[in-house]
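Biologist: Got a minute to walk me through this one? I'd like to start with the ligand and work outwards.

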Amino acid sequence: MTINFSSGFAKNFQDTKQAEIRATVSALCVAAKRISHICARGPLENGLGDITGGANSDGDAQKALDVRSDEIVTAALETAPVAYYASEEQDDILTLDVNKPLAVASDPLDGSSNIDTNVSIGTIFSIYSACKDAKSSFFRVGSEQICGGFFVYGPQTTLVITAGDGTDTYVLDPDTGDFELAISNMKIISASTEYAINASNHKHWDASIRAYIEDCLAGVSGPLAAQYNMRWVGSLVADANRILSRGGVFMYPSDNRAGYQEGRLRLLYEANPVAFVIEQAGGVATDGTRRVLDMPLTALHQRVPLVFGSKTPVRTIEKYHLRSKNI
Ligand code: AFP
């Protein structure tokens, strides 16, 4: 079976489209089970975290598991109703079968820097209806996604997913080998005093983010009048999963390092699917001021500054941005 969908999954769509979405998600679950198994074997798999000598489109060094995960996802999508596949690990879009109806974008292995440290990592995916050609199937706004989400390979292997009618979590049952619905229609609490950011980049941030973080650190006697806590896993999927389960705000802003003017995360296969599940759970996802899902894709591996999570802190950060621009 691989996944026991909730009865309402993708019910917004006509039967044919719903079946196509379910078949593609099932194929991604097959891939995730294989990647999860490899991750669970860790060092027994000989060098998952080794640098292959290759690099992805952005010049990031590719780890062995990055490449293997991409191969596993590609093979799975070849069995699904998918015409085009765009991957963080491949420079260009892969055409699988132009006669098929869907297009999938993926970061097949998010959190590579954590592979050898036994910290949760994952696979992120986004599904669109295919257009007349490969490029137009992806060069669009994220609000045109028909399904999106991510797998987390951690203490549990989970799937966080939305098809536009709420965000659900499925858990891979080790006893049956199937993904089972565990939490339906998740809701992010609107207020939270927990933030996630790589604080070592403080000197690189713009004034608005520095001011916000400094006001969080000022605690109860500071302008935000609350005691804050910080978490930073270094795996987007792990931080996103925590925020879905207990609230908080994630920030990977632009900074003044070379290549980081638009942050680190990619719009197509990281920010858009995460923004989709976050919004469907009642949260907010912006680039600091603009809604992520309204941002048109103009380059396949385009980066975007990313702020997402509980509504109140995301809107507060927006105010810091606007104030720093005297808007
Ligand atoms: P890797 O896949 O190269 O480890 O990058 C992971 C990631 O894209 C995202 O999952 C993390 O939130 C972010 O990068 C961590 O970035 P820093 O290593 O700069 O903190």
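Biologist: How far is an oxygen atom of the ligand from an N or O atom in the side chain of W232?

Modeller: Quick caveat: this is a predicted model, so local features need pLDDT of at least 70, side-chain atom pairs count only at pLDDT 80 or more, and totals for chains, interfaces and linings use all residues. Numbering runs from 1 along each chain as its sequence is written, and side-chain values use heavy atoms, with hydrogens and water left out. A polar contact here is a pair of N or O atoms within 3.5 Å. For W232, the side-chain N or O atom and the ligand oxygen are separated by 3.0 Å.

Biologist: And how much of the ligand's accessible area does the protein cover?

Modeller: Areas come from the Shrake-Rupley method with a 1.4 Å probe. On its own the ligand has 480 Å² of accessible area, and the protein's share of cover is 86%.

Biologist: Which residue has a side-chain N or O atom 2.7 Å from a ligand oxygen?

Modeller: S113 uses a backbone N or O atom, at 2.9 Å from a ligand oxygen. The side-chain partner at 2.7 Å is D110.

Biologist: How many residues surround the ligand?

Modeller: A residue is counted when one of its heavy atoms lies within 4 Å. By class, the shell has five nonpolar, six polar and three charged residues. The closest are D110, N198, L236, Y252 and R264, and the full count is 14.

Biologist: Where does the ligand lie relative to the domains?

Modeller: The bounds come from an automatic or database domain assignment, which gives domain 1 (15–183) and domain 2 (194–324). Both give residues to the shell, so the ligand lies between them.

Biologist: How many residues of domain 2 are in contact with domain 1?

Modeller: Contact means heavy atoms within 4.5 Å. The domain centres, taken over C-alpha atoms, are 23 Å apart. Domain 1 puts in 49 residues, and domain 2 puts in 31.

Conventions
A polar contact is a pair of N or O atoms within 3.5 Å; within protein, one must be able to donate a hydrogen and the other to accept it, and residues adjacent in sequence count only if both atoms are side-chain atoms. Ala, Val, Leu, Ile, Met, Phe, Trp, Tyr, Cys and Pro count as nonpolar, Asp, Glu, Lys and Arg as charged, and the others, Gly among them, as polar.
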